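Work through the following exercises with the sequence and the model side by side, trying each task before reading its solution.

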Amino acid sequence: MSDIVNKLWGMCHTLRHDGIDYGDYIEQLTYLLFIKMADEKGIELPENCDWETLKSKSGTELTDHYLWVLQKLRDEKGLLGDIFAQSMPKFNNPVNLKKIITMIDAEDWSSLGIDVKAQAFEGLLEKAASEGKKGAGQYFTPRVLIQSIVRVMKPDPLVNKEMKICDPACGTGGFLVAAYEWLIEKTGGAIPVDEIKRIKENTYYGQELVARPRRLALMNLFLHGLKPTIYLGDTIYEPDRGERYDIVLTNPPFGTKGAGQIPTRDDFTVATSNKQLNFVQHIMTILKKGGRAAIVLPDNCLFEDKAAEVFKIVMEDCNLHTILRLPRGTFVPYANAQANVVFLQKGIPTEKVWIYDCRSNIPSITKKDRPLTAEMFADFEQCYGPDPNGNSPRIDQGPEGRFRAFTIDEIKERGYKLDIKWLKDDTLDDPNDLPEPSDLIAEAVSELEAVVDELNEINNLLEGEI
């Protein structure tokens, strides 16, 4: 598998000289891989859009034909039209396009098996994300974290024939892919024959604001053998679609850039311009009664004033049973925000919130020397317990432990602010063991963003917007 990734990735460096960046390259690969696999599987494409016709051409005839093929396919209906929506060629040099076609043609992708080709594609997404601002980091949640969340959430569509799993900010589809991979591992791939069609076509849902990551999500899931529904649009500013889900797994986009406009939705009780808090309110709407959610949220979403208003309502309507405080640098090199994972179940009021501190006195995550590993979340998963709704017997480890319980009365006394810390973080006192400067800056930025959000709310009040 790594050989295929390295081969595909190696071509990217050549293409950079043709003005094609990492995201463009993977997007173009998406188009070409789909056409190649359609040929291998005997899927009928519109006339002259097939792989054999494409690879038979060269020079400017090739680039002209490739443009025509993309225009033709993006007008198609269904998954085909979704993957090719808004598609445009990026190759200026026909020689480079020919090289990519030849490289893809050398592999029989259908015979590689779902695991290999899907992991190859995900390997490219991860490589692109690791390039930071030049890559796709804003759409990428570390796979290790996603897998840990999925393991405790147990998104099993076999226990409920109506189960629908959703990521309303799906990026390139990492949570949905991991949820399906968890099912395959759990069942050993032995999904009952009469359940396969339902699970592959009517279980996995998402929404993404930007066309490119949505396309990559569709291709990512297609390579895993799925035909998902991924909507293109603005999750928090568009009206509620009316669809309801049993499980929500999501990492809403961080930051306040572009925020300021308050959504005008009747189902949002708290008026705020904070994107993440509006995602929390959206998730409250789209969850079925008894449904559960795991939401990645930056630190400021646990302590700013509007956050307290939102979580007061959340805890009245949901059992917000667990918070995982993530290590510093969890999103390095994709982003620098410090964050948490909030776990809840709709329909039961909160009586107790359990918090696992996976940050204090833990060295910062770094890309090379201390990358994020599954072992870092093993103790959390054990403390969480086997019940995905957080109802397993749990032990409060006391003031010196990492896992503690706080009653709803204690939460109320704190004004519903959930940034609860009890461990003395010695790394902040030892000058030889201080967190990375970027991590300290990220924490300061999180606090400043909370202030900015509150100033925006005041400004909106003054302008009579709310």
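Two strands are said to pair if DSSP finds at least two bridges between them. Helices (H or I, at least four residues) and strands (E, at least two) are themselves DSSP runs, numbered from the N terminus.

This is a predicted model, in which local features need pLDDT of at least 70 and side-chain atom pairs count only at pLDDT 80 or more, while totals for chains, interfaces and linings use all residues. Residues are numbered from 1 along each chain as its sequence is written, and side-chain values use heavy atoms, with hydrogens and water left out.

**Exercise 1. The sheet**

Task: Establish the order of the strands in the open sheet, and find which strands stand at its edges.

Solution. Begin with the inventory, which comprises 16 helices and nine strands. An open sheet of nine strands, with mixed pairing, follows the order β3-β2-β1-β4-β5-β7-β6-β8-β9. The edges are taken by β3 (229-232) and β9 (403-407), each of which has a single partner strand, so one side of each lacks a neighbour in the sheet. Between neighbouring strands of this sheet the average turn is 15°, direction ignored, where axes are lines fitted to C-alpha atoms, for helices over the stretch in contact, and angles run from 0 to 180 degrees between N-to-C directions.

Next, follow individual pairings. Strand β6 (residues 318-325) pairs with β7 in the antiparallel sense over seven bridges, and within this pairing T322 stands opposite F343 of β7. Strand β5 (residues 287-298) also runs antiparallel to β7, joined to it by seven bridges, with A339 of β7 as the bridge partner of P298. By contrast, β1 (residues 165-167) and β4 (residues 245-250) pair in the parallel sense over two bridges, and here C166 has V248 in β4 as its bridge partner.

**Exercise 2. Burial in and around the sheet**

Task: Decide whether T250 is buried or exposed, and list the residues that it touches.

Solution. First fix the scale: buried means under 20% relative accessible area, exposed over 50%, and partly exposed in between (1.4 Å probe, protein chains only). T250, found in strand β4, has a relative accessibility of 0% and therefore counts as buried. Taking contact to mean heavy atoms within 4.5 Å, and leaving aside residues up to four places away in sequence, T250 touches D167, P168, A169, F175, I283, A294, I295 and V296.

Then widen the view. Helix α12 (residues 275-286) lies across β1, β4, β5, β6 and β7, running at about 165° to β5. Strand β7 (residues 339-346) is mostly covered, with seven of its eight residues buried. For the protein as a whole, 56% of the 466 residues count as buried.

**Exercise 3. Helix α11 and its packing with α2**

Task: Test whether the length of α11 agrees with its residue count, and describe how α2 packs on it.

Solution. The expected span of a helix is 1.5 Å times one less than its number of residues. For the 13 residues of α11 (residues 211-223) this gives 18 Å, and since the end C-alpha atoms are 18 Å apart, the two agree. Because 12 of these 13 residues are buried, α11 is largely enclosed by the rest of the structure. Just after the helix, G225 takes a positive phi of about 90°.

Now turn to the partner. Helix α2 (residues 22-41) packs against α11 at an angle of about 35°, their axes lying 10 Å apart. Among the residues that meet are I26, Y31 and F34 in α2 and R215, L216 and F222 in α11.

**Exercise 4. Two unusual backbone angles and a distant pair**

Task: Compare the settings of N48 and Y416: which is buried and which is partly exposed?

Solution. Most residues other than glycine have a negative phi. N48, although not a glycine, has a positive phi of about 70°, and Y416, also not a glycine, has one of about 65°. N48 lies in the loop between α2 and α3 (51-55) and is partly exposed at a relative accessible area of 37%. Y416 lies in the loop between α15 (408-413) and α16 (437-462) and, at 13% relative accessibility, counts as buried.

Finally, consider W109, placed in the loop between α6 (94-105) and α7 (114-130) and buried at 2% relative accessibility. The C-alpha atoms of W109 and L33 are separated by 8.2 Å, although these residues are 76 apart along the chain.
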